[in-house]
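Student: I would like to take a close look at one part of this protein, its pockets. Could you guide me through them slowly?

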Amino acid sequence: MALEKYRAKRNFKESPEPAGDAKVVAERARKAKDAAPRFFCVQKHLASHLHYDFRLEHNGVLLSWAVPKGPSLDPATKRLAMMVEEHPIEYGTFEGVIPSGYGAGIVMLWDRGTWTPEVDDVEAALKKGDLKFTLDGYKLKGSWVLVRTKGKWAGGGDRSWLLIKHRDDWAGEVDIADFAPLSVKSKGDFADILAEGNPDIWISHRPAQGGEAGALFQKIIERALEMRDERVGAKSAKGAKSAKGASEGAKSAVKTAKKKATKPKSS
């Protein structure tokens, strides 16, 4: 059953992630059966560690791979991509904070666009472990391939793949993750996303306490708290200004009324 593993890992009473709709899955699968291009996205996810979730729409759901170091535009660089459970198509626009449980952390919509298979049969290519495709996103473009490693890398089994950029006009040595780190949805960074929610949520129990991820969380939380306080201060100042203006306006109205009351009537 589509999305069964996805739903089993999450508590949707606590997580803001979309649960997915079986009717949407069926409808998208029907419409996209012979369609090209199809939707794709990459979500930058700071959880127990920082990684990038690479997702391709297929059969009404998003096939998903966790890419620890993120996509590389350099054809000589092979990025490990661990295949994870299928996600609902609604996840393709998700950006926000997962407060606890599986995947607790901050999710940023880092890239999105469309993908077109470079093979006649996607199912056969997935089974073979060699899927070639073209991306047309904001950040990722051109020809790519996902190749299953047959257990060569940590994790092993059918889950272990490599994400590789083909040589074309969109290939290069620039580190796209560093060059374009912000959200394509909100245009912000992790601190902006956290500040929009509840920065206090991980003061003492954030998803990662030590290592690089823990240090990054600490910086993000501190910045998000500053941003929240700045916004609250700005709103308070605006409210005080409005209240002062209203008070001065009321005083002026009272003075005008008194002048009219004491002004002698003309005969």
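Student: Before we turn to the pockets, how much area does the protein chain expose, and what share of it do carbon and sulfur atoms supply?

Tutor: In this predicted model, the protein chain exposes about 15,000 Å², and carbon and sulfur atoms supply 54% of that area. The chain has 267 residues, of which 42% are buried, and it contains 6 helices and 9 strands.

Now to the pockets themselves. The largest pocket has a volume of about 310 Å³, and 21 residues line it, with His 45, His 51, Asp 53, Ala 66 and Tyr 102 lying nearest its centre. Strand 1 (38-46), strand 2 (50-58) and strand 4 (79-88) are the elements that each give two or more residues to this lining, and strand 4 provides the largest share, 4 residues. Sorted by class, the lining of the largest pocket holds 9 nonpolar, 7 polar and 5 charged residues.

The second largest pocket encloses about 270 Å³ of space, and among the 14 residues lining it, Lys 5, Tyr 6, Val 84, Glu 85 and Glu 86 are the closest to its centre. Here the elements that contribute two or more residues are helix 1 (4-8), strand 3 (61-67) and strand 4, and strand 4 gives the most to this lining, with 4 residues. By class, the lining of the second largest pocket divides into 7 nonpolar, 1 polar and 6 charged residues.

Technical notes. Residues are numbered from 1 along each chain as its sequence is written. This is a predicted model: local features need pLDDT of at least 70, side-chain atom pairs count only at pLDDT 80 or more; totals for chains, interfaces and linings use all residues. Side-chain values use heavy atoms; hydrogens and water are left out. Buried means under 20% relative accessible area, exposed over 50%, partly exposed in between (1.4 Å probe, protein chains only). Accessible areas come from the Shrake-Rupley method with a 1.4 Å probe; for residues, only the protein chains shown count as cover. On a 1 Å grid over the protein atoms alone, a cavity is a set of points where a 1.4 Å probe fits but cannot get out, and a pocket is an open set with protein on both sides within 12 Å along at least five of seven lines; lining residues have an atom within 4 Å of a point. Grid points are joined across faces, edges and corners, and a volume is the space filled by probe spheres set on the points. Ala, Val, Leu, Ile, Met, Phe, Trp, Tyr, Cys and Pro count as nonpolar, Asp, Glu, Lys and Arg as charged, and the others, Gly among them, as polar.
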